[in-house]
Structures are given as C-alpha cells and as structure tokens.
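Reader: Could you walk me through one helix-helix contact in this protein, residue by residue, and then show me how it sits in the whole fold?

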Amino acid sequence: MNDLEKAKLLIENKNNSLVDISRKYNIPVQTLRNLRHDPNKMKKASWERVHLLAQIYDEQLAEEK
C-alpha cells in the first residue's frame, strides 16, 4: 500500500478525530475536513502532507497490534 492510499484510509475513517489529528500534528482542521469531504483532493495535496498522514496511519496500525 502506498502513502496516498494510507492517507486516504486515515482521513476516510470516521473513528479518527480530525481535531485530535490537527492538534497533535499541526495540520489545519479545515484542511482535514476538505480532504475527508473529497478524498480525491489528496492527489493534489503536497507530498509532505500525504507522507505525514501515511505515517500517522502506520502509527495507529502499530498501536492496534
């Protein structure tokens, strides 16, 4: 699974609080809301943001195990 797919899964998961992600990783809540509303915008997002969201996804996966 590539970073883009991981980032989309993280954003689309309604169990993830956008406010918590925003506070912890310093990503604007509105940006996260826009991405959740239209995940295809992820293709146009900066690779740094996509990579960070993919890292958050990996961290959450590791915590679950």
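Author: Let's go straight to where H1 meets H4: on the H1 side you have Asp3, Leu4, Lys6, Ala7, Leu9, Leu10 and Ile11, and facing them in H4 are Val50, His51, Leu53, Ala54, Ile56, Tyr57, Asp58 and Gln60. Contact here means heavy atoms within 4.5 Å. Sorted by class, that contact has 10 nonpolar, 2 polar and 3 charged residues (Ala, Val, Leu, Ile, Met, Phe, Trp, Tyr, Cys and Pro count as nonpolar, Asp, Glu, Lys and Arg as charged, and the others, Gly among them, as polar).

Keep in mind that this is a predicted model, where local features need pLDDT of at least 70, side-chain atom pairs count only at pLDDT 80 or more, and totals for chains, interfaces and linings use all residues. Residues are numbered from 1 along each chain as its sequence is written, and side-chain values use heavy atoms, with hydrogens and water left out.

Now the geometry. The axes of H1 (residues 3-12) and H4 (residues 47-64) come within 8 Å and cross at roughly 65 degrees; axes are lines fitted to C-alpha atoms, for helices over the stretch in contact, with angles from 0 to 180 degrees between N-to-C directions. That makes H1 roughly perpendicular to H4 (the label covers 65 to 115 degrees).

Stepping back, the protein has 4 helices and 0 strands, helices being DSSP runs (H or I) of at least four residues and strands (E) of at least two. Its C-alpha atoms fill a box of roughly 30 × 25 × 20 Å along the principal axes. Buried residues (under 20% relative accessible area, 1.4 Å probe, protein chains only) make up 31% of the 65 residues.

Definitions and conventions. Parallel < 35°, antiparallel > 145°, perpendicular 65-115°, else oblique. Buried < 20%, exposed > 50% of the residue type's maximum accessible area, 1.4 Å probe, protein only.
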